[in-house]
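Here is a set of questions and answers that puts each value next to the rule behind it. Have the structure open while you read.

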Amino acid sequence: MTQRFAHTKTTWAILAALVVCPMALRLSAADDIGSTITAKPAGQIVMKVVMIEDEDEQPAAAGKAAAAALEKAMGGVPLKAVLVSECFEDRQHKQELLEGVCSALPAQLVLGGATYGSFAQSGCTDYDSVCLLGIGGDGIGVSTALVTEMGTSKLVLEEHQDLIEQRLQQAGAKLAGNLRRTDRDRLLILLADAHSPKNQYLVEGAQQVVGAAFPITGGSANKNAGQTFVYFQGKMHQDSAVALMLSGDFRVAMAGRQAKDNDAVIATAKTGAAEAMAALDGKPTAVLAFNCAGRRGKLKNMDDELAAMQQAIGGQLPLFGCYCAGEVGPVDASEKQPGVLCGGSGWHVMFTIIGRP
Amino acid sequence: MRTWNLTPRRSVLALIVWLSMGLSGHVTAADPVAIRVENLTVPPSTGPLVSVQVKNLLEQPYQAAVSIQGPSGWQIAPERRGVALAPGETRRVAFAIEKGRNLAANSYPFEVSADGAGTTVLRKQSVACASAPYYKPEIDGDPSEWKDAIPITFLISGKKTVISTYWNRRQFSMLVAVEEDRLSPYGQQPPPAGFDAVQIAISPEDSATGSSQDQKAARFEFLLVATGVANGGRCFQLASPETTLAEVARARDLAPLQYADAAVAVTREEGITYYECSIPFRSMREQIRPTEGREFFLSALVHDPDGTGIRDLGEALGLWPWQRSALAWSRWKGAAWNEKPPLDNKLRWGLCTSKY
């Protein structure tokens, strides 16, 4: 009798899950498809950023501290996704960092990639550090996906251009195709092992699914030997790409700027951020900035670029920035293709402002 | 099997590189201006800047439109840039590679011209990408780990030299493959003809070699030698930024200058000597921060006293003849110097991420 009762409870629990949270089944049905949660019109949208620099070579502790700081910053709002940018050295330290993050946050929400460093309102980092963007609130929906074994991480364009183009376009289409779509999808974030200029092909693949005019941003993972990983549901993957689709009734404004010398990097950081802010025509919630490590390398003082951004966005708005091996967003004028909003390129800073009227 | 990182086809291309690079430093007496394309510091497929050095050779101001063409199929912008120079002044003029492709031979044909003072000066030059990808090699004398580097090959007196570099947060690493008939190892008592070595100078971006002996060296300078025992190698630190140029100019005993923090292995196979080393960034970090995209200066001399004599990377990469400087390289006991001093040690180099 007891056994039968227990079975009945389990059945009811499954039925309840089917009604209340259909995506949970979808999550368990395919391990490369993340959770999707419907966004409530005019619901709450909370985006917070924390950044921790580790000067003691304790990546696990840094990850745990960052996770704790993010939870606190979210103010009790449950997380729906956590975007990670980290630049610890070598697989072991990266693994420890992820374990630290996932010891305090649900691993299934954690995705991101290895970068060359991060920046937030509090400053810039280029050594052992982690930056987390927490996304939560009933006003925003998230859907995530992973594609592995793209088969391009060790190919070079001069010898394998056709193969790279074909494989990355396929990967991009598969990635976007695996996302749970809604009629209020607003922004696609891509993080991939696709060093510029390879990233353009991944974007083209995604655009086959979401359309050429859809807002896409993101960055390419650190391509230093032995450091190239993307993260999905708290696990490390090589030769892979992850996608995060955000949906809701929020607005997205974007601007991209390319620059290759100190003065131009600083100037474009300000003008790009200002253009995105002006285009939002509303109250900003957060700023995403996928930036090029090559731009940073041209700076005499790394902080000058951040200071220029802050002149446009102020010093309070949550800013999630990372230095990448290629950037996705609205490419600068000379590279722009008619009718195509976004592309993959290098030497860019790609700003996305999320906000509401 | 240790090889040169060069297929026969690449060797032919390397010869072209050498010929063109050697010619690039040539300046005609009547020219109002000297022009030289600098090394690329990241692979061209990533769309970096390419910079042209323009020096006014006149005793009056000079204005010109500088234009540059890259290899077939590349897109470089803008088409031309204006430059105005005071007498004797040198400036860098930058162009953006909007579309470029990496070449395994690491040899990129450029054509650059300056149109001014009633004359068009044209130079054809093969340019190399001088960049260190991120990697952590084992310093064991085995060059097989260097396949992901971006080697620069040059020929002097028919002998090849291949220079490859890597970096990581802790070390700067280098493999110098020297084709030579025999290896003369280091000894406490240098042979009359001198011994074989590789001399390396590393300095911060925008530093300059001083012109008088009371100035500081403003560079890190090292010497790699073979001990002649197994894969044994040794590193000596010849200069740090605070070393005076008077000290640099004095031929010093090497023994007190040994730099134990560097890892060195020297091997020899099939007529090629491989100098492999890693130098800690620890002491250089304040001047050269090891991060992606960082630029600095580097050059190397290969000492082959019983063969080709000194092989100067600066000459191979086309520095101008007037850029020779007796204060650019430290003197040391056991070296055999040419009649003319080597060229300056300031070749622009980069720390990049990967060629993939």
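Q: Before we look at any lining, what makes a residue nonpolar, charged or polar here?
A: Ala, Val, Leu, Ile, Met, Phe, Trp, Tyr, Cys and Pro count as nonpolar, Asp, Glu, Lys and Arg as charged, and the others as polar. Sort the lining of the second largest cavity that way and you get six nonpolar, six polar and three charged residues. Keep in mind that this is a predicted model.

Q: Which residues lie closest to the centre of the second largest cavity?
A: The volume of that cavity is about 100 Å³. It has 15 lining residues, and Pro197(A), Ser45(B), Asn102(B), Lys355(B) and Tyr356(B) are the closest to its centre. Lys is on the charged list, so Lys355(B) goes there, while Pro197(A) and Tyr356(B) go with the nonpolar group.

Q: How many cavities of 30 Å³ or more does a search of the whole structure find?
A: Five turn up. The largest holds about 230 Å³ of space.

Q: What makes a residue part of the lining of the largest cavity?
A: An atom of the residue has to be within 4 Å of a cavity point. For the largest cavity, 20 residues make the list, and His195(A), Cys292(A), Gly294(A), Thr46(B) and Thr353(B) lie nearest its centre. By class, that lining has 10 nonpolar, nine polar and one charged residues. Domain 1 (31-127) and domain 2 (131-351) of chain B each supply at least three of the lining residues.

Q: How do you know that chain B and chain A are in contact?
A: The cut-off is heavy atoms within 4.5 Å. Here 33 residues of chain B are in contact with 34 residues of chain A. The two chains bury about 2800 Å² between them, with 42% coming from carbon and sulfur atoms. On the chain B side, Arg169(B), Glu292(B) and Tyr356(B) lose the most area, together 27% of what that side buries.

Q: Why is the pair Glu292(B) and Arg296(A) called a salt bridge?
A: The rule asks for a side-chain nitrogen of Lys or Arg within 4 Å of a carboxyl oxygen of Asp or Glu. The closest N and O atoms of Glu292(B) and Arg296(A) are 2.9 Å apart, so the pair passes. Across the interface of chain B and chain A, the rule finds nine salt bridges. There are also 23 residue pairs in polar contact between these chains.

Q: What about inside chain B: how many salt bridges does the rule find between domain 1 and domain 2?
A: Just one salt bridge is found across that interface. The side chains of Glu38(B) and Arg348(B) meet at 3.2 Å, N to O, which is within the 4 Å limit, so they count as a salt bridge. Polar contacts between the two domains come to six residue pairs.

Q: How much area do the two domains of chain B bury between them?
A: About 1200 Å², 53% of it on carbon and sulfur atoms. In domain 1, Arg36(B), Asn39(B) and Thr41(B) lose the most area to domain 2, together 48% of what that side buries. The C-alpha centres of the two domains lie 28 Å apart. Their contact takes 16 residues from domain 1 and 14 residues from domain 2.

Terms used. Residues are numbered from 1 along each chain as its sequence is written. Chains are lettered from A and ligands numbered from 1 in the order in which they are written. This is a predicted model: local features need pLDDT of at least 70, side-chain atom pairs count only at pLDDT 80 or more; totals for chains, interfaces and linings use all residues. Side-chain values use heavy atoms; hydrogens and water are left out. On a 1 Å grid over the protein atoms alone, a cavity is a set of points where a 1.4 Å probe fits but cannot get out, and a pocket is an open set with protein on both sides within 12 Å along at least five of seven lines; lining residues have an atom within 4 Å of a point. Grid points are joined across faces, edges and corners, and a volume is the space filled by probe spheres set on the points. Domain bounds come from an automatic or database domain assignment. Buried area is the accessible area (1.4 Å probe) that two parts lose on being put together, summed over both. A polar contact is a pair of N or O atoms within 3.5 Å; within protein, one must be able to donate a hydrogen and the other to accept it, and residues adjacent in sequence count only if both atoms are side-chain atoms.
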